[in-house]
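Welcome! Below are some exercises to work through with the structure open beside you. Try each task yourself before reading its solution.

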Amino acid sequence: MAESDGQGASSLFSPYKMGRFGLSHRVVLAPMTRCRAPNGIPRHAHVEYYTQRATPGGFLITEGCAISSSAAGFPRCPGIYTWHQLEAWKPVVHAVHAKRSILFCQLWHVGRASNQVYQPGGTGAPISSTTKPVSKRWRILMPDGSHGHFATPRPLGTHEIPEIVEQYRQAAANAINAGFDGIEIHGAHGYLIDQFLKDGINDRNDEYGGSLTNRCRFLNQIIQAVATAIGVDRVGVRISPAIDHLDAYDSNPLNLGLAVIDMLNKLQENLGNKLAYLHVTQPRYTAYGQTEAGRLGSEEEEAMLIRTWRKAYKGTFVCSGGFTRELGMEAVANGDADLVSYGRLFIANPDLVSRFKLNAPLNRYVRATFYSPDPVVGFTDYPFISQAQHEKEKPVSRLISNNTA
């Protein structure tokens, strides 16, 4: 049976007003790298993938889209900086809108989380806030499917930063021109913006390093530029102050999160409108499914961080990172989140919203096909619940039938 909302109680299935956007439920498609865009250009498979996951009044966020030719750190990562990329995204947006869903484009620059092979001409150092590379405990996925090491970055000169800010502004304008409803600035998970925010990475001695105010300056300038171009209420921001992904450590995650939120609140006041949302990843997330043992403390301490940030932020608060149906229901019912975004569960269950409403069994995701170049396998071939009921004995993915999550 479908979950009841009760008398006025919020649940994953109750409607929500996100600024100018009216949502029919609180289950959000999280941005997830899928590596299916050869030469950075989305193809028809993207139309099917996003349309499969679209519902009337639903909210979807695309995979990270590179804002420039030097912004990528994965193979076959789509971009949003050329005419061909814009034209390729238009059918995706049109198809999602035909399902009456809302679609935001995530803007992405990986910074030091790259390799020379992903830089223009296959040479040159990726940019960052620092010269410190990502340590060798982390591996980068190479174009041939092997794993390599991250390159040693070069720090952006102070005079170069306005150029990167302009790339974000232009990418946001491009996204709106392609028909997207808004954009999400990816300021999390150890990528470029996070490399400025975290004091475990940022070792600068100019106005972009040192104090919390200085470390937030780069993000502040990006938001202002993007908001001026497309409207503040079309802008979402993603952060992960307590995540250690790609060596993205901070000595005081609580204060870092509060500093970013204070900056956002002041920006909203100065711009005369609220951002679309703030998207925060739970500390329990990492690429390998768990945080470094002992670094982040107990689950109670982690929950305290999220609740403190949620209470401080004046606007729509989205949470992500390891949520189940039950944890999502609890987060919304307790007021810990307005919306909950789902990644791996949405990969394997294109009809996740329906399955959650029915409390139906879920398909198991096949991790080995997350970043496959195949336009079907592990991308658009996961069955809907009606199919699954008739194909119980068939494998979830044609490539690997026995893999567990």
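## Warm-up: a buried acid

At 11% relative accessibility, D247 counts as buried, where buried means under 20% relative accessible area, exposed over 50% and partly exposed in between (1.4 Å probe, protein chains only). The model is predicted, so local features need pLDDT of at least 70 and side-chain atom pairs count only at pLDDT 80 or more, while totals for chains, interfaces and linings use all residues. Residues are numbered from 1 along each chain as its sequence is written, and side-chain values use heavy atoms, with hydrogens and water left out.

## Exercise 1: the partner of D247

Task: find which residue forms a salt bridge with D247, and where the two residues lie.

Solution. Start with the rule: a salt bridge is a side-chain nitrogen of Lys or Arg within 4 Å of a carboxyl oxygen of Asp or Glu. The partner of D247 is R137, with the closest N and O atoms 3.8 Å apart. Next, place both residues, using DSSP runs numbered from the N terminus (helices are H or I, at least four residues; strands are E, at least two). R137 sits in the loop between strand 6 (127-128) and strand 7 (140-141), and D247 in the loop between strand 11 and helix 6 (253-271), so the pair ties together parts that are 110 residues apart in sequence. Last, check the surroundings of R137: its relative accessibility is 46%, so R137 counts as partly exposed.

## Exercise 2: two further salt bridges

Task: find which residues pair with R154 and R310, and say whether each residue is buried or partly exposed.

Solution. A search of the whole structure finds twelve salt bridges. One of them joins R154 to E160, where the closest N and O atoms are 2.9 Å apart. R154 is partly exposed at 34% relative accessibility, whereas E160 is buried at 18%. Now turn to R310: its partner is D338, and the closest N and O atoms are 2.7 Å apart. R310 belongs to helix 7 (residues 299-312) and D338 to the loop between helix 8 (325-333) and strand 14 (339-342), so this pair ties together parts that are 28 residues apart in sequence. Both ends are buried, R310 with a relative accessible area of 16% and D338 with 11%.

## Exercise 3: following the barrel

Task: trace the order in which the eight strands close into a barrel, and find how strand 12 is joined to strand 13.

Solution. The order is 3-4-5-10-11-12-13-14, with parallel pairing. Here two strands pair if DSSP finds at least two bridges between them. Neighbouring strands of this sheet are turned by 25° against each other on average, direction ignored; axes are lines fitted to C-alpha atoms, for helices over the stretch in contact, and angles run from 0 to 180 degrees between N-to-C directions. Strand 12 (residues 277-281) and strand 13 (residues 317-320) run parallel and are joined by four bridges. Within this pairing, H279 has V318 in strand 13 as its bridge partner. On the sheet packs helix 2 (residues 83-98), which touches strand 4 (59-66) and strand 5 (102-108) and makes about 170° with the direction of strand 4; contact means heavy atoms within 4.5 Å. Helix 5 (residues 212-230) also packs on the sheet, touching strand 10 (182-187) and strand 11 (235-239), and its direction makes about 175° with that of strand 10.

## Exercise 4: a closer look at strand 4

Task: find how many residues of strand 4 are buried, and which residues stand opposite L29 and I61.

Solution. Eight of the eight residues are buried, so strand 4 is largely enclosed by the rest of the structure. On one side, strand 3 (residues 27-29) pairs with strand 4 in the parallel sense over two bridges, and L29 stands opposite L60. Strand 4 also runs parallel to strand 5, joined by six bridges, with I61 opposite F104.

## Exercise 5: two histidines

Task: say where H189 and H46 lie, and whether each is buried or exposed.

Solution. H189 is in the loop between strand 10 and helix 4 (192-197), and its phi is near 60°, a positive value in a residue other than glycine. With 5% relative accessibility, H189 counts as buried. H46 lies in helix 1 (residues 44-52) and is buried, with a relative accessible area of 0%. Leaving aside neighbours within four places in sequence, the contacts of H46 include E63, W89 and F379.
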